[in-house]
Every structure is written in C-alpha cells, then in structure tokens.
Amino acid sequence: MAEKCHKSLIPNWITYAFLVLLSKDEVFIKYGYSVTIPKMKVERACIYPKDIQRITGRSERYGRKLLNDIRAYLGKSSHQFITVQEFSEYTGIEESIVLEYL
C-alpha cells in the first residue's frame, strides 16, 4: 500500500506519478517519480581564440596572439585564463557586446 507524502516535503521540481495496472484478479499500483532539475543559464567567464575570431572577424591565430598579449599586459602565466572583463578592458569592447558572441 502506498503511503501519502506531505505536499510540503515534495520539492516543486520533482514530478510524482502513479501507474495503476489492472489485471483479472488484482490491482497493481506502481509508484515512481521523475526529476526535472531547473537549468541555470550557463555563461562562460573566459575567452578563447575562437571567440575572438567571431568578435573581430580576424583569424584564430590573431586570437591566440591577442590572448598572449593580454596575458603579458596583465602579468599572467601562460596557463591562466583571460576573463571577459579583462578582455573588454584591454580591447575597449563593451562586456555586453562580448557576451553576445559567447
């Protein structure tokens, strides 16, 4: 026999379902749930050469060179990423315009 759950204990993103199967002599109740997790808007924080290629219309090689120039300007190591804010500050392109291309 299925137990009742208090509604406040059930998160709003979980959907509960009951399936009733009827046979000649018995009634089967199958209880299950499906989880739908709310999706967060994914917004990248770093810039890649391909992004610079799309923003500027120049080659990907130019994007790699520009990222290396920004790293040198900011005193970063070669393994460190360049953020959208740092790219916008260096190039003078507004952050909102850069974010449209990501």
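How many aromatic pairs does a search of the whole structure find? The search finds two, and we will meet both of them below. Keep in mind as you look around that this is a predicted model. The protein chain has four helices and two strands, and along the sequence they follow the pattern β-β-α-α-α-α. Helix H2 is our main stop, with its neighbours H1 and H3 on either side of the tour.

**The chain as a whole**

- Of the 102 residues in the protein chain, 17% count as buried.
- The accessible surface of the chain comes to about 8500 Å², and carbon and sulfur atoms hold 55% of that surface.
- Now take the contacts in the chain with a separation of 6 or more: 30% of them are between residues 24 or more positions apart.

**Helix H2, residues 60–74**

- H2 has 15 residues and spans 21 Å from its first C-alpha to its last, which is close to the 21 Å expected at 1.5 Å a residue.
- Look for Gly63, Leu66, Leu67, Ile70 and Arg71, the buried residues of H2.
- These buried residues cover an arc of only 140 degrees around the axis, which puts them on the same side of H2.
- What do the buried residues of H2 pack against? Their partners are helix H1 (49–56) and helix H3 (84–91).
- Leu74 also belongs to H2, and with a relative accessible area of 34% Leu74 is partly exposed.
- Setting aside neighbours within four places in sequence, Leu74 is in contact with Ile82 and Glu86.
- Leu74 and Glu86 are twelve residues apart in sequence, and their C-alpha atoms are 8.6 Å apart in space.
- Just after H2 comes Gly75, which takes a positive phi of about 75 degrees.

**Helix H1, just before H2 on our tour**

- The buried residues in H1 are Pro49, Asp51, Ile52 and Ile55.
- Viewed down the axis of H1, these buried residues fall within an arc of 155 degrees, so they line one face of the helix.
- The buried residues of H1 pack against H2, H3 and helix H4 (95–101).
- Gly57, just after H1, has a positive phi of about 80 degrees.

**Helix H3**

- Val84, Phe87 and Ser88 are buried in H3.
- Down the axis of H3, its buried residues lie within an arc of 100 degrees, so they line one face of the helix.
- The cover over the buried residues of H3 includes H1, H2 and H4.
- Gly92 follows just after H3 and takes a positive phi of about 85 degrees.

**The aromatic pairs**

- A pair of aromatic rings is described by the distance of the centres and the angle of the planes.
- The search finds two such pairs.
- The rings of Tyr48 and Phe81 have centres 6.3 Å apart and planes at 75 degrees, so this pair is edge-to-face; the reasoning is that planes over 60 degrees apart count as edge-to-face.
- Tyr48 lies in the loop between strand S2 (27–35) and H1, while Phe81 lies in the loop between H2 and H3, so the pair ties together parts that are 33 residues apart in sequence.
- Tyr48 itself is partly exposed, at a relative accessible area of 36%.
- Tyr73 and Tyr90 form an aromatic pair that is edge-to-face, at 5.3 Å centre to centre and 65 degrees between the planes.
- This pair links distant parts of the chain, with Tyr73 in helix H2 and Tyr90 in helix H3, 17 residues apart.
- From C-alpha to C-alpha, Tyr73 and Tyr90 are 8.7 Å apart in space.
- Is Tyr73 buried or exposed? Tyr73 has a relative accessible area of 57%, so it counts as exposed, because exposed means over 50%.
- Tyr90 counts as partly exposed, at 34% relative accessibility.

**A charge over a ring**

- Where does the charged end of Arg58 sit? You will find it over the ring of Tyr62, 4.0 Å from the ring's centre.

Definitions and conventions:
Residues numbered from 1 in each chain as written. Predicted model: local features only at pLDDT ≥ 70, side-chain atom pairs only at ≥ 80, totals over all residues. Heavy atoms only, no water. Expected span 1.5 Å × (residues − 1). Buried < 20%, exposed > 50% of the residue type's maximum accessible area, 1.4 Å probe, protein only. Arc of directions from axis to C-beta. Contact = heavy atoms within 4.5 Å. Phe/Tyr/Trp six-rings, centres within 6.5 Å; stacked < 30°, edge-to-face > 60°. Lys NZ or Arg CZ within 6 Å of the ring centre and 35° of its normal. Areas by Shrake-Rupley, 256 points an atom, 1.4 Å probe, with all protein chains shown as cover.
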